[in-house]
Amino acid sequence: MRKKKCELCPIACTDISICMGFSLADSPIRTYRNYKITHISIEKIGFYHYYPGSSAILVVTSGCNLLCSFCPEHDTVFSFSREKKSLNTLLSRILNLAERMGCHMIAFYCNSILDIDLMKSIREKFGYYKIVTLTNGFISSSHMIDYIKIVDAILLRIFGFSEETYSRITPFPDAYRYAREFIDVAKNNNKFLEVEFYVIPGITKEREFLYFLEFLREVNRDIPLHVRRFRPNFVELERRPTRTEVLLHYYNIARKYLNYVYADLWISPYSDTFCPNGHLLISRFGWKVKKVYIKKGRCPICGVEVPIVA
Ligand code: SF4
């Protein structure tokens, strides 16, 4: 008898799930071997245009289909306890914390495609919660729309814009094509989207970044872009962090292409929001919102409409 494939991501496992999130016998069943649930600010998760100054319950679960060499959450994502937790156990812990904190937003980490059933349960039974996700975009084309429709807001984590770059950080070089497709599908479905791009020393090439910016500008120059600093982690401990001057070089390039660009720095102006005419809309210090100047969705000075959900 032929074994059934898991069709959630392009790897399409038949025997042992590479992501280690599913037990594949005849049907894909999610197993939770580890998880972490915390209450943090939406800015710390990475969103700057979705309810600025609010907070969310962030859920990180075990397993991932991209296996990045510098996964910041590898302690949870790739460490498995013997004890398996059920979806219902996890769900009740998430909701308990959300209730205790008076929080109406639940966020999932960039392996969130593995949590699609959990997100569906929240959507179906507890529809008053907003679901926001980070994602690596490595989702099979047939499931992308399904995923996009369940969630309210998305932050796409992108590590480069070529097979060559992806081949340096993950065993799946063509994952970048899916991340690219994801941007198109999300925008075609009018989904709220922010994007973060990692500048990785010794790997990221300026030419590739320009190509990415041209692509993003073509889709919509109002998509917020976060230029992220690489930090050594997991098996990438030898590589140095991205130097600030390199980060700012990429930030300055991106500003020529897009209306809303941020750099991974705590100080103004890199974490502040300005309208396309240069007027201050939100001042921040790191992940803290100091003041919001927007009036009725518009810049208070020039009146331009701003793509911020608040
Ligand atoms: S996609 Fe996210 S969770 Fe998965 S390995 Fe990469 S950084 Fe970790």
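**Exercise 1. Sort the shell around the ligand by class.**

Solution. By class, that shell has 8 nonpolar, 2 polar and 1 charged residues. Here Ala, Val, Leu, Ile, Met, Phe, Trp, Tyr, Cys and Pro count as nonpolar, Asp, Glu, Lys and Arg as charged, and the others, Gly among them, as polar. Next, put names to the shell: Cys64, Leu66, Leu67, Cys68, Cys71, Glu73, Val77, Tyr109, Cys110, Asn111 and Asn136. A residue is near a molecule if its C-beta atom, placed from the backbone, lies within 6 Å of it.

A quick note before going on. This is a predicted model, where local features need pLDDT of at least 70, side-chain atom pairs count only at pLDDT 80 or more, and totals for chains, interfaces and linings use all residues. Residues are numbered from 1 along each chain as its sequence is written.

**Exercise 2. Work out which residues stand opposite histidine 226 of E9.**

Solution. Start with E8 (residues 192–199), which runs parallel to E9 and is joined to it by 5 bridges; there, glutamate 196 stands opposite histidine 226. Then turn to E10 (residues 261–263), which pairs with E9 in the parallel sense over 3 bridges; there, tyrosine 262 faces histidine 226. Strands (E, at least two residues) are DSSP runs, numbered from the N terminus, and two of them pair if DSSP finds at least two bridges between them.

**Exercise 3. Is lysine 296 buried or exposed?**

Solution. Find lysine 296 in the segment after strand E13 (288–292). Count next: 7 other C-beta atoms lie within 10 Å, so lysine 296 is exposed. The cut-offs are 20 or more for buried, 12 or fewer for exposed, and partly exposed in between, with C-beta atoms placed from the backbone.

How values were computed
Helices (H or I, at least four residues) and strands (E, at least two) are DSSP runs, numbered from the N terminus.
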